[in-house]
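Hi everyone, thanks for making time. I'll walk you through a structure that's new to most of us, so have a look at it before I start talking.

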Amino acid sequence: MSATVQNSDPKDAKLRADIDRSLRHPVMFFFTSGALWLLVAVLLGFASSFKSHSPDFLGDAAWATTGRLSLAHQNILIYGWACQAAFGAIIWLMARLCRKESKNSILILVAGHVWNLAITFGLFGILLGGSTGVTWMAFPTAVWPVLLISYILIAIWSAIQFQVREGGHIFVSQWYLLAAIIAFPWVFFSSHVFVFVLDGHPLMKAAVSEWYRAGLVFLFLAPVAISAAYYLAPKVTGRPVHSYHLAMFGFWSLMAIAPWAGFQKLAGAPIPRFLPYIGAAATILFLIPALAVAVNILRTILQDETSASRNSPSLRFTMGGMAGMLILGVLGLFLNTSGTLAMTQFSLTGYGMDILAIYGFFSMCAFGLIYFVVPRVTRREWLSKRFITSHFFLSLYGVAAVVLFSIMGGLFQGQAQNDSNAPWADAASFGRAYAVGTTLAWLFIAFANTIFLSHLLLMWARLGRRSTHPTLLDSGHHASSPHGPEGDIDELQAAKA
Amino acid sequence: MSATNDTPLKRFTAFWVVLGAFLLFGIIALILAPLTNTPEVTAADEAGATRRLAIRELVEEEQAKNLAMVENGDKIQAPPAEIFGKVGAQLASIKPQAVKEDRFRDPALVAEEAPAEQEDASDAPAATETAAPAESEAAPEPADSSDQ
């Protein structure tokens, strides 16, 4: 949709247009339904946070207890938003990188609808008291096989596209996509089998569920986010990735380290002592691939001397995501030492780290990709740069506030919990102010995502700008539209006809 | 690889290979887990479980009775925040009492004492009664909080 498209090989441009056309409906479905679930999750997060410091909010209804709202919030954030955004990213990125049209869009769309139905059933299951109680596996047990089968029917075609791709170089993004495509069923299937099917020791089931949480973040969401960043940075700036060897190092170090993370959440539990130490070490070492990827991506972007990196919404969100990833790595280093872990294990800190990983890192990269992909599949440009800017800054401030309040509040709360001379009520009161701050921050994020969802729905209805000139975040004043002349897409299509 | 890499046969083969790759880890877990998990239940485990379940049953019966009385209006439930400190102080002041019924005791201790008692009965002409220090030193039971 930018000027560079018109200068590229016409056959290449036609292939890209055909790929986008073949994936328009599934990609838009995943992004739009994901954005809707994100808003639901954020509102549930707001409600559960409000409830934690003001228990009279929403009255005495059983569905409105903190426990159920919090479980619903986290599970909808993961499966309703994060997974669906990842699916849209996987199917589009793999098709574009393998230069293959999708031949199974209808099946993918049907599987996507089944996924959403299962999520809806799961949400009502949690709110009506039928949850399993396991943090990120809280949907009623009947739901997870449906989710697994839906996932297979969504993602398997992307793996097949990779197998039958035309010869040539394998892009860095493709490594990460393939890793994510295979890691999700490995982590999902095996964890659910150990926790819900096999008759094992309950403590090991708890350990497996914590391993699953870390696996979902580091082996599925992180690779998808990084693949999006590795696609967008060179694409938008027109520059190659800064260092291929650094990219390779970042990939293999992530694959080597990530599978070991998660057990540190059960530090002090009567499980083999080496397990929590391995989990903590792996979480600390995540900083290594995080640094490698962030340096590579940010150097690729920031070495660009044109205004693309400043004015591109995609790159702005991608840089925000990379910053989120770096902060996740650094905080993981400090919060997983044995002293800090003992202090924060039963506090708000863990929640803050989860939100940083899912929203501060993954979601920001996903937003960047969505702002790039949607104009290409809908052949319309985003309507309003103000909507985009508001979405960015409200999300950034909101997630920074949630993370800061949760982690700071958790540290004070944990310190008070460990003080055996003080009453337990003191620990709860230390965290109260930070819980109030977290509630306010969720309100900002809800506002940001209302804007985003509205903008996305307008694009889905193909009410975007009919122009080949992209919507940029150029803050200059222009006599005419800063986005170039309107309506030139109609002239282009008429000329081709 | 050339453009002829994309054939229906290749796609069909790739489908099954990828499906196998997706399910591989889970299938390995399903195969290995029963081989490594040895759910042997020992006699001590079972005795301990029986003891815990008996205690749980008693506790649940008492709680159900109290709840029923609260719902009927026979008792008024005091706000927990007002009485926790008081009840906690009373509990802390009570010395531990010996458990009398065997079903609530550690099965290993019960097993140890049974042969010892049999030996005493056969050797000694008369067994002296052991004191029940817990009973004589026990503080009065705490007042029922729900009466307040």
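Chain B has five helices and zero strands. Follow the chain along its sequence and the pattern reads α-α-α-α-α. Before I go further, please keep in mind that this is a predicted model.

How much of chain B is buried? Of its 148 residues, 2% count as buried. And if you take contacts in chain B between residues at least 6 apart in sequence, 81% of them join residues at least 24 apart.

Now, how confident is the predictor about chain B? The average pLDDT is 73, and 71% of the residues score at least 70. The best-scoring part is helix 1, residues 8-36 of chain B, where the mean is 89. At the other end of the scale sits helix 5 of chain B, residues 133-137, with a mean of 39. Residues 124-148 of chain B have a pLDDT below 50, and that stretch makes 22 contacts in the model beyond near neighbours in sequence.

On to the partner. In chain A we get 17 helices, and again the strand count is zero. The predictor's confidence averages a pLDDT of 89 here, with 93% of the residues of chain A at 70 or more. There are weak patches, though. Over residues 477-485 of chain A the pLDDT drops below 50, and the model gives that stretch ten contacts beyond near neighbours in sequence. Residues 492-497 of chain A also stay under 50, with one contact beyond four places in sequence.

What about the overall shape of chain A? Along the principal axes, its C-alpha atoms fill a box of roughly 80 × 50 × 45 Å. A compact globule of 497 residues would have a radius of gyration near 23 Å, and chain A comes out at 22 Å, so the two agree. In chain A, 55% of the 497 residues are buried. Among its contacts between residues at least 6 apart in sequence, 81% link residues at least 24 apart.

Let's zoom in on helix 2 of chain A, residues 10-53. How far apart should its ends be? With 44 residues at 1.5 Å each, the expected span is 64 Å, and the end C-alpha atoms lie 60 Å apart, which agrees. Helix 2 does have a kink of about 60°, at A:Arg24, shortly before the proline A:Pro26.

Staying in helix 2 of chain A, have a look at A:Phe31, which is found there. Is A:Phe31 buried or exposed? A:Phe31 counts as buried because it has 26 C-beta neighbours inside 10 Å, where 20 or more is the cut-off. Leaving aside neighbours within four places in sequence, A:Phe31 is in contact with A:Ala85, A:Gly88, A:Ile370, A:Val374 and A:Leu456. Another pair to find on screen is A:Phe31 and A:Val373: they're 342 residues apart in sequence, yet 9.9 Å apart in space, C-alpha to C-alpha.

There's another pair like that to look up. A:Tyr277 is in helix 9 of chain A, residues 274-285. It's partly exposed, with 15 other C-beta atoms within 10 Å. A:Tyr277 and A:Asn336 are 59 residues apart in sequence, and their C-alpha atoms are 9.2 Å apart.

Next, a bit of backbone geometry. Most residues other than glycine have a negative phi. So which arginines should you click on? A:Arg99 has a positive phi, near 55°, and A:Arg462 has one too, near 60°. You'll find A:Arg99 in the loop between helix 3 and helix 4 of chain A. A:Arg99 counts as partly exposed, because it has 15 C-beta neighbours inside 10 Å. A:Arg462 is in the loop between helix 16 and helix 17 of chain A. With 12 C-beta neighbours inside 10 Å, A:Arg462 counts as exposed.

Last topic: how do the chains meet? In the model, 21 residues of chain B are in contact with 18 residues of chain A. On the chain B side, that's 14 nonpolar, four polar and three charged residues. For the complex, the predictor gives an ipTM of 0.84 and a pTM of 0.83.

That's my tour, thanks for listening.

Terms used: Residues numbered from 1 in each chain as written. Chains lettered and ligands numbered in written order. Predicted model: local features only at pLDDT ≥ 70, side-chain atom pairs only at ≥ 80, totals over all residues. Contact = placed C-beta atoms within 7 Å. Nonpolar A, V, L, I, M, F, W, Y, C, P; charged D, E, K, R; others polar. pLDDT = per-residue confidence, 0-100. Helix = DSSP H or I, 4+ residues; strand = E, 2+ residues; numbered from the N terminus. Rg over C-alpha atoms; globule rule 2.2 N^0.38 Å. Expected span 1.5 Å × (residues − 1). Bend = angle between axes of the 7 residues up to and from the residue.
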